[in-house]
Amino acid sequence: MQQIQFLQTTPQQLQSEINAGVKIILDDFLKNFKPKLPNEYLSRQEVALMFGVDISTVHNWCKSKRLNPLGIGGRVYFLRSEVEASIKPLNV
């Protein structure tokens with residue numbers, strides 16, 4: 001094991017040097033870190049409530065390929081990100 005001796009260095013100076021080194025590494029990590037958000041799934045009823053429409057309208061949007069339904073068993077779900085991406089601005 002190697003030994004390091006700190007001559008003419010106060011504990012406060014040593015602590016500030018360590019903190020500066022850790023801050024540089026942490027800043028670099030946070031700059032490149034992109035946390036993955038979990039997918040949020042919405043039911044047909046939740047999508048209908050989100051837009052204030054009837055469930056039959058949500059069904060029509062699925063048939064016209066405006067929404068991409070996902071299914072498991074007998075249930076139908078939609079990714080919130082895809083539902084929000086399907087909204088198009090109106091050029092009024």
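Two strands are said to pair if DSSP finds at least two bridges between them. With that criterion in hand, the sheet of this predicted model can be described: three strands form an open sheet in the order E1-E3-E2, and their pairing is antiparallel. Strand E1 (41-43) and strand E2 (70-72) are the edge strands, each of which pairs on one side only. On average, neighbouring strands of the sheet are turned by 45° against each other, direction ignored.

The sheet is one part of a chain that contains four helices and three strands. Along the sequence, these elements follow the pattern α-β-α-α-β-β-α.

The pairing may be followed strand by strand. Strands of a sheet pair through backbone hydrogen bonds, in either a parallel or an antiparallel manner. On one side, E1 and E3 run antiparallel and are joined by three bridges. Within this pairing, Ser 43 has Tyr 77 of E3 as its bridge partner. On the other side, three bridges join E2 to strand E3 (residues 75-79), and these two strands likewise run antiparallel. Here Gly 71 has Val 76 in E3 as its bridge partner, while Ile 72 stands opposite Arg 75 in E3.

The connection between E2 and E3 merits separate attention. These two strands form a hairpin with two residues between them. In the turn, Gly 73 has a positive phi of about 65°.

A helix is also placed against the sheet. Helix H2 (residues 44-51) lies across E1 and E3, and its direction is at about 85° to that of E1.

Which residues line the largest pocket? The lining consists of Phe 51, Trp 61, Arg 66, Leu 67, Ser 86, Ile 87 and Lys 88. By class, the lining residues divide into four nonpolar, one polar and two charged. The volume of this largest pocket is about 170 Å³. Phe 51, one of the lining residues, falls within the residue range 44-51 of helix H2.

The overall dimensions of the chain complete the description. The radius of gyration of the chain is 27 Å, whereas a compact globule of 92 residues would have a value near 12 Å. Taken along the principal axes, the C-alpha atoms fill a box of roughly 80 × 40 × 20 Å.

Terms used
Residues numbered from 1 in each chain as written. Predicted model: local features only at pLDDT ≥ 70, side-chain atom pairs only at ≥ 80, totals over all residues. Heavy atoms only, no water. Axes fitted to C-alpha atoms, helices over the stretch in contact; angles between N-to-C directions. Contact = heavy atoms within 4.5 Å. 1 Å grid on protein atoms, 1.4 Å probe; cavity = no way out; pocket = protein on both sides within 12 Å on 5 of 7 lines; lining within 4 Å. Points joined across faces, edges and corners; volume = space filled by probe spheres on them. Nonpolar A, V, L, I, M, F, W, Y, C, P; charged D, E, K, R; others polar. Rg over C-alpha atoms; globule rule 2.2 N^0.38 Å.
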